[in-house]
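Reader: Hey, got a minute to walk me through this one? I'd like to start with a backbone oddity.

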Amino acid sequence: MRSDPEIWKEFFETYYQDEVNRLALRIRDNGSGDKSLFINFTDISIFRHEIAEELLEYPAEVLAHAEKGLEITDNSQGIDLSGAHPRIINLPIPRKIDIRNLRSGHIGKLIAVEGIVRKITEVRPKIILGAFRCPEGHINYVEQNGGKLREPHECIECRRKGPFYLIPEKSITADSQRVKIQEYPENLKGGEQPQTLDVILHDDLTGVINPGDRVIINGILMANVRKVSHQKTPVMDIILEGNSIEILEQEYEELEITKEDEEAILSLKEDPHIFDKIVRSISPSIYGYEEVKKSIALQLFSGLPKVLPDGTRIRGDIHVLLVGDPGVAKSQLLRYVHRIAPRGVYTTGKGTTYAGLTATAVKDEFDGRWTLEAGALVMADKGIALIDEIDKMRTDDVGALHEVMEQQTVSVAKAGINAILKARCAILAAANPKYGRFDKYVPIGDQINLSPSLLSRFDLIFTLTDDPDEYRDRDIATHILNSHYVGEILQKMNSLVTTEYSQDYVDSRSRPIMPEIDPELLRKYIAYAKRMVFPVLSEEAKERIIEFYVSMRNSVKDAKSAIPITARQLEALVRLAEASARVRLSDIITIEDAENVIQIVRKCLSQIALDPETQQIDIDILAVGTPKSQRDRIITIKGIIRELDQELSIELGKSYRGVPEEEIFRRAEDHGVPRERTREILSRLNKDGEVYTPHPGHYRPIER
Ligand code: ADP
Ligand code: MG
């Protein structure tokens, strides 16, 4: 071996004298604390190529040489540098290993592993060199590096075999922390489970990183024998002993955009129908839901996060909620968005990980330390979190979600752990109605297990109902069957049992269900827009949005009436308009952007906040969920029809042909509903598919 402390001394004096002096100054001023000397791997290569090679192959020995070498390097302060750590950064590319590609050949080698921090334990002192007293009073020192405390075999002086007592004040301890890093969610192919790696950190590397951070950890891969119920097995568990941490820039974007990509992006932007094209590229195998897909498109591009001159932080992320009947493709939509969104994390309200949606402090099963584990929303920082069945969320998560949706942070204060984690993500959530099916006459708030205050944090909410409608049903069925048909042909062709279908034929049948923009390019287009485009409101757009806002607020003249739109919706409009401009990679938010998003917001409000009887938009229906008298009337009429239907069908038997209008009017009047109102309600119920007329002037309920 070429490496020895003298060579390292030479290296430090030639290449790092200034840094060594600064380190000495820091140690003199702060005592303990930061004791790291960061060394660029390239510098070692330039100094002596063989030393660099030895460092990669035999890192434990070579790093010990480097540490000794640093100790004996002169410094301007003339202080003792023992205990300072040389930390190697910027390892060569071939040493950057993906977590899932770690193999036995990497054990004992210096490697770099990149990932997102999923879990951290408390920082606790750990014994490095244990001092033990034998029964005769002799002191023995034993180096500690495993998971269990190692005692002396026998006393070096008197040869007694024990018992030995640990003397903490004579032992050497250092802070230690265990962390778990995980592969980037965006690099996983649909449905793949992320793989993780445990890392052990010592001394001034502890307490530096938080869950959700994206890091490169350089270190030595160690292996421990795996134990199954206290029995040793021949299987090894691996753990990385960290030598240095490189925290990746917050603005770091992992999606690489080449010159060619950029050309493709800029030519795509020229398309006058770019927005529609993108909308059609979102989940093309799902029929309809144009407004929903438009909203998702805007959500992918996102508004701009900003800090107002008074220091108020305003999120740019757009939150969207889909509420609806079972089987209307909500989950399917979420899964598709997961595939195309850069940094998408998919989870269900029930919480697939231990930490659930947000973050929790738990006792570690390995060494009993308190551990902070990031949940889906922290892992989705700077991306999009897809939460299916959000209504089934644990109560712990509900409170945290409020914080995430406005402040975009998760605070954890439990046991020894106090942390504020970043969760700057957009949320696309789906919820099923409490009672199985969605009832458009009952406020959303009453039908899903989400509080009005949480609901009001969504910029857009859509209801997806599964109403029978012959034309639409036929279209959906045709669309679904065509998707399946193409799938069948592709399956057949892949298994090579037939050549009867030409590629042209398959292409032509696939067209309606193929995304217009290739998902790979779309991801890059979105990443490019978010990185490069920061649009500003034009005067016209500003005026148009104000005009819309004021007109909506004035639309209900009656002073007692609810306010149709609140400042929350106004902020939503601005975010959406910013996203709309970003879709065109435009620096200016035009009046067309304003119109575009006003149309979407109007559609959303008409679904969730439209008083079914007055046809007026009433945001209180969403925000407060108060039952309105009109809605009560509709429910009354529905009840009357159901009652009469039962009574009359028994009474009349075979000759029964529905409840006569007159009977309904009469009974409704008994409940204080005037005839004219009842007539309106009947026609509405008929149109909405709640009742049908088996015979003119006769009604029967549609039971679902
Ligand atoms: P949900 O989560 O709303 O209960 P799913 O996403 O599980 O529903 O959808 C059920 C199935 O019905 C899926 O296979 C989906 O593709 C299909 N489906 C429902 N509505 C549509 C639609 N409009 N277009 C295409 N497929 C649909
Ligand atoms: Mg579902």
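Author: Sure. Ser302 counts as buried, because its relative accessibility is 5% and buried means under 20% relative accessible area (1.4 Å probe, protein chains only). Phi of Ser302 is near 65°, a positive value in a residue other than glycine.

Reader: Where does Ser302 lie?

Author: In the loop between α8 (290–301) and β11 (306–307). Helices here are DSSP runs of H or I with at least four residues, strands are runs of E with at least two, and both are numbered from the N terminus.

Reader: And Asp203, what's its phi?

Author: About 55°, so positive, although Asp203 is not a glycine. Asp203 is in the loop between β8 (196–202) and β9 (214–228), and it counts as buried because its relative accessibility is 16%.

Reader: Before I go on, what are the ground rules?

Author: This is a predicted model, where local features need pLDDT of at least 70, side-chain atom pairs count only at pLDDT 80 or more, and totals for chains, interfaces and linings use all residues. Residues are numbered from 1 along each chain as its sequence is written, chains are lettered from A and ligands numbered from 1 in the order in which they are written, and side-chain values use heavy atoms, with hydrogens and water left out.

Reader: OK, ligand 1. Which residues come nearest?

Author: Of the 14 residues around ligand 1, those are Tyr287, Gly327, Lys330, Ser331 and Gln332; near means a heavy atom within 4 Å.

Reader: What do Ser331 and Gln332 offer its oxygens?

Author: An N or O atom in the Ser331 side chain is 2.6 Å from an oxygen atom of ligand 1, and a backbone N or O atom of Gln332 lies 2.9 Å from an oxygen atom of the ligand. The elements giving two or more residues to the shell are α9 (330–340) and α14 (470–494), and α9 has the largest share, three residues.

Reader: Switching topic: how many aromatic pairs are there?

Author: Eight. Rings of Phe, Tyr and Trp (its six-membered ring) pair if their centres lie within 6.5 Å; planes under 30 degrees apart are stacked, over 60 edge-to-face, the rest tilted. Phe11 and Phe47 form a tilted pair, 5.1 Å centre to centre with 55° between the planes.

Reader: Are those two buried or exposed?

Author: Phe11 and Phe47 are both buried. They belong to a cluster that also takes in Trp8, Phe12, Tyr15 and Tyr16.

Conventions
Polar contact = N/O pair within 3.5 Å; in protein donor to acceptor, adjacent residues only side chain to side chain. Buried < 20%, exposed > 50% of the residue type's maximum accessible area, 1.4 Å probe, protein only.
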